[in-house]
Amino acid sequence: ITQVNYTGISYQEFIYNYYITRHPDWDLEFRNLGTSSFTAADAVKLYSGQGGITDPTIEGINKAVIMFGMNEGLNNISADSYIQSIRQLVSLLNERGIENEHIILTAPTPYDQTRSSNYTEDGQMIEQTDDLISQYVPALKELAEELGTQYVDLHTPMLWVNGIVQSRIADDTLTVTDNVHPNAMGNVFVGFFFLYQQGAGNQVASVLIGAGEKAEAENAEITRIRRKDTEYLSFLYQPGSLPIAVSYELEQAGQYFPVIDQISWENIAIDELEPEKNYRLFLDGVLAGDFTGEELGEGINLTNRDGNPGKETAETIESLNQQWHTASSDYREVVRSAYEGKAEQKDVDAAYEQWETVTAKLRGQMYEAARTYSDKGYRVEVAAEDFPLWRGRGTWRFAVLAAVILAAAGGGLLIRKRKRRRTEER
C-alpha cells in the first residue's frame, strides 16, 4: 500500500519533509519502492530477478525500510509465510551491501475492523482481517531482534489513536472507505509514529531572551537585541532549521493529542516581561499573535504561526514534496504494470529516466529553499499592547531617528545662513 496513489499526502512525504526541514545541510534522497497490491513475496520475486523485469530504483540505496503485511492479511497468508518472505527480502538487501543495522522492519498499519459499519445489526464483526495482521506484529519484532535490524511498530499506536477517534464518532476512521489504506490524516499519524519511534526530536530551534541583552540559543543565532524596559524588545533571529509544514490534516490531528508540538517545536521565550500584561509578537513586521508576559516567559511555538517565514518556506517545500510523491507513484505504476506483464522493460527504463530527472530537480529545489532560509535571519519583536508601533517597529525608535535627522538638517541650514551672511558682509 506504500505506493499511495489515492490521497494527496503520504507518510513517506511527511517523513521526507521532516528531514529536509530539520536538516537542511544534509543531502538526503528518498526513494519510494512501494508498489500497490504487492506482498513481501512479490518484492522478493521482483528484486531477485525472478519477476522478468528490473527496477533500477533499488540501485545505490544504503538504508531500507521494509513495511509489508496488509496485503498478506487480505490474502490470508500465514504469519510464518509472511516472516519467511521478510527474511528473504532482508537477505536480498544484504547481498546489495545493506547491513542489518541499516534496515528497519516495520509492522504494518491496522485493518480498521472496529468501526461501526464493520458490524452487523446484531453486533457481529463482518471482516476480521486485523486479527491475522495482529499475529504478524510480534513475529516481526522477534525477527528484528534475531537479525539485529531496527524495528518500528505502526500497528499498535495506530490502533490506539483509532480508538480515540472512534470513541467520539463510532464509524469514523483513519482509513479510506476500504478500511485498508490510511486516509490523509492517517498518513500524517503514520509518519509521526515512525519518526517518533526512530527518536526524531521535536526541536527546530530554541531561544531564551533573558534580562537586558542576555540570550541563550540552541540551533539558532541571536544578534542585535534591543530592549525598552518591559515595553518593547527586538532581535535578529537566524534558526538553523525550519519547522515542519503543517498541512490541514496535521492541524486537525491535533484534536486527538498535541502532535504538532511533539514533532516540531520552534521555541521563543522572553524573560523579564510583566506576567499579566498583554504583548504582541511580530515576525518581520507581521503580527504573529497576542500573548501574556507569562505565556511568552514559558515559550511560544512558532511552527504554525502566521507570518513565520520558516512556515512559509516549509509550505513551499511541502508543495514540491507532493510533486515528488506524485512522480514516484506514477513510476511505481509502470513497475507494477510491467511486473504483471502489461508493460515491458523498455517502458520501465523510460519511466525511470523521467522519474530520475524530475525527482532530482525537485530534491534540488527543496534543499535550495531550506538552505536559503537557514542562511538568512529575520526580526522578532515583542511589544506591549499599548506600546506605539509603526509598521511593526516601535515609534520611539523612529522618533529618535527623526529627531537626529531634523537636528542634522537644522544644523546644515544654520551653517548655510551663516555662510550667506558672511558673503553679504563682504
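Is Arg-115 buried or exposed? In this predicted model, Arg-115 turns out to be buried, since its relative accessible area is just 10% and anything under 20% falls in that class. Even so, Arg-115 has a charged partner: a salt bridge links it to Asp-171, with 3.3 Å between the closest N and O atoms. Arg-115 sits in the loop between β2 (103-107) and α5, while Asp-171 sits in the loop between α6 (155-168) and α7 (184-197), so this pair ties together parts of the chain that are 56 residues apart in sequence. Asp-171 itself is partly exposed, with a relative accessible area of 29%.

That pair has company, as the structure holds 13 salt bridges. The general idea is simple: side chains of opposite charge can pair when their charged atoms come close. Another example joins the side chains of Glu-146 and Arg-87, with an N to O distance of 2.9 Å. Here the partners come from two helices, Glu-146 from α5 (residues 129-147) and Arg-87 from α4 (residues 79-95), so the salt bridge ties together parts that lie 59 residues apart in sequence. What about their surroundings? Glu-146 is exposed, at 52% relative accessible area, and the cut-off for that label is over 50%. Arg-87, at 34%, counts as partly exposed.

A further salt bridge brings together the side chains of Glu-274 and Lys-277, this time at 4.0 Å from N to O. Glu-274 has a relative accessibility of 35%, so it goes down as partly exposed. Salt bridges can also share partners, and that is how Glu-333, Arg-336, Glu-340 and Lys-342 end up joined into one network.

Now for how two of the helices pack. Helix α2 (residues 40-47) meets helix α11 (residues 309-339) at an angle of about 80°, and their axes are 12 Å apart. Angles from 65 to 115 degrees count as roughly perpendicular, so that is the label for α2 and α11. Which residues make the contact? On the α2 side they are Asp-42, Lys-45, Leu-46 and Tyr-47, and on the α11 side they are Arg-332, Val-335 and Tyr-339. Sorted by class, the contact of α2 with α11 has 4 nonpolar residues and 3 charged ones, with no polar residues at all. Leu-46 and Val-335 are among the residues in this contact, and Leu and Val both count as nonpolar. Asp-42 and Arg-332 also take part, and Asp and Arg both count as charged.

Methods:
Residues are numbered from 1 along each chain as its sequence is written. This is a predicted model: local features need pLDDT of at least 70, side-chain atom pairs count only at pLDDT 80 or more; totals for chains, interfaces and linings use all residues. Side-chain values use heavy atoms; hydrogens and water are left out. Axes are lines fitted to C-alpha atoms, for helices over the stretch in contact, and angles run from 0 to 180 degrees between N-to-C directions. Helices (H or I, at least four residues) and strands (E, at least two) are DSSP runs, numbered from the N terminus. Angles under 35 degrees count as roughly parallel, over 145 as roughly antiparallel, 65 to 115 as roughly perpendicular and the rest as oblique. Contact means heavy atoms within 4.5 Å. Buried means under 20% relative accessible area, exposed over 50%, partly exposed in between (1.4 Å probe, protein chains only).
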